[in-house]
Amino acid sequence: MDGMSADTSRTPGTPGDPQSSRWYDADAGPVVRPYAMTRGRTSSASRHRLDLIAIVMPEPAADDPGRDQMLSPEHVEIIELCSEMPQSIAELAAGLDLPVGVVRVLVGDLVEDELVHVTRPVPPAELPDVNILREVINGLRAL
Amino acid sequence: MAFGRSSRNRRPVEPVTLKILVAGGFGVGKTTLVGAVSEIRPLRTEEMLSEAGRPVDDLDGVEAKTTTTVAMDFGRITLREDLVLYLFGTPGQDRFWFLWDELAQGALGAVVLADTRRLEDCFAAVDYFERREIPFAVAVNCFEGADRFPTETVQAALDLDPQVPVLMCDARDRSSVRDVLVAVVEHAVARVDRLREPVTT
Ligand SMILES: Nc1nc2c(ncn2[C@@H]2O[C@H](COP(=O)(O)OP(=O)(O)O)[C@@H](O)[C@H]2O)c(=O)[nH]1
Ligand SMILES: [Mg+2]
């Protein structure tokens, strides 16, 4: 896969190029170096892609005080956050200030270690449950 | 509490989570809208992009040399202990459609925020949700100084399906945003009802 790194011609946001600057709004973040945190591991194909709103729930084993030595600080932080309050992948990413992709890998590790489990949101192809939608409407009206 | 076994067993309730997307041009008020109803200050999460332009889930140390991150704003509304709605502001630019795909997966619906002074900024979003058959409502964010148009004018200008709700809103105002969200979900219910019509109850 050589040649990939040589291609800088499409680097976005080249000054003076009005076309390219359009691609990024002010919300686009900085260019960052890759994360070493996951030690270059890829998220295994067997794992389903964790949805942004999948909730990470602690398993009883997450209370085991001996666990910490085997886990990275980021793993431990995830366990602590979701033990305080179960929260979504997106919230964990925001709380840890890590990209979603990294959090997915880390949570995947914890799932494999049976320290947490993850709720599965509604399968995308299915029509949503109307009863749930009505409950959402009621909940919103009560805001 | 009626949900599950909320015994001494310390197991927290597993909430059902749903999401609504908030799309529209840059500066139209997406983040403002999310903040107006979210119980948490809008959070920001980032997705890494490789130069090839797709999300990097594969964090291969060799190939992931330069990555860019794109921020997504989101907020949370806990409707009940076991029912949580997330709002996601879509990253503003068309180029990030693949992030929209990820966000749109399983979304119950969407809000397209529009500004009548630059209505064309929301064309891409309207197109996107129409094509993927994601129920959406158009909310016209009424900035001061912008001309007010009847909703029919907006509907015609955007060439919307007559069923698509069009509302005037103030993205800073909680009850105004709540009404927009209710319109989206009601529209989603109506759509499911239509699709299920032949089924007897
Ligand atoms: N006057 C007025 N200003 C607004 C309204 N909604 C948003 N703004 C302002 O418009 C700017 C852009 O809003 P923002 O939510 O960041 O837009 P985004 O790029 O779509 O997320 C901010 O300075 C907001 O305070 C509105 O309804 N009325
Ligand atoms: Mg914004």
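1. Of the 143 residues in chain A, buried residues make up 44%, and this figure, like every other value in this note, belongs to a predicted model. Buried here stands for under 20% relative accessible area. Looked at from the outside, chain A exposes about 7900 Å², of which carbon and sulfur atoms supply 52%.

2. The secondary structure of chain A amounts to 5 helices and 4 strands, and a reader who follows the sequence will meet them in the pattern α-β-β-α-β-α-α-β-α. As for how the chain is brought together, 74% of the contacts in chain A between residues at least 6 apart in sequence join residues that are at least 24 apart.

3. Within chain A, 3 strands form an open sheet, arranged in the order 3-2-4 and paired in the antiparallel sense. Strand 3 (87-88) and strand 4 (116-118) of chain A stand at the edges of this sheet, and because each has a single partner strand, one side of each is left without a neighbour in the sheet. In sheets at large, strands pair through backbone hydrogen bonds, in either a parallel or an antiparallel manner.

4. One pairing in that sheet can be followed in detail, namely the one between strand 2 (residues 55-58) and strand 3 of chain A, which runs antiparallel over 2 bridges. A place to look for it in the model is V56(A), which stands opposite Q87(A) in strand 3 of chain A.

5. Turning to the ligand, ligand 1 is surrounded by 14 residues, and the closest of them are K30(B), T31(B), T32(B), N141(B) and E144(B). By class, this shell around ligand 1 consists of 4 nonpolar, 6 polar and 4 charged residues. Helix 1 (residues 30-37) of chain B provides the largest share of the shell, with 3 residues.

6. Which atoms of ligand 1 lie 2.5 Å and 2.7 Å from polar side-chain atoms of T32(B) and N141(B)? In both cases the partner is an oxygen atom of ligand 1: a polar side-chain atom of T32(B) lies 2.5 Å from an oxygen atom of the ligand, and a polar side-chain atom of N141(B) lies 2.7 Å from an oxygen atom of the ligand. For R172(B), a polar side-chain atom is placed 3.4 Å from a nitrogen atom of ligand 1. Taken alone, ligand 1 exposes 580 Å², and the protein buries 71% of that area.

Methods. Residues numbered from 1 in each chain as written. Chains lettered and ligands numbered in written order. Predicted model: local features only at pLDDT ≥ 70, side-chain atom pairs only at ≥ 80, totals over all residues. Heavy atoms only, no water. Near = heavy atom within 4 Å. Polar contact = N/O pair within 3.5 Å; in protein donor to acceptor, adjacent residues only side chain to side chain. Areas by Shrake-Rupley, 256 points an atom, 1.4 Å probe, with all protein chains shown as cover. Nonpolar A, V, L, I, M, F, W, Y, C, P; charged D, E, K, R; others polar. Buried < 20%, exposed > 50% of the residue type's maximum accessible area, 1.4 Å probe, protein only. Contact = heavy atoms within 4.5 Å. Pairing = 2+ DSSP bridges.
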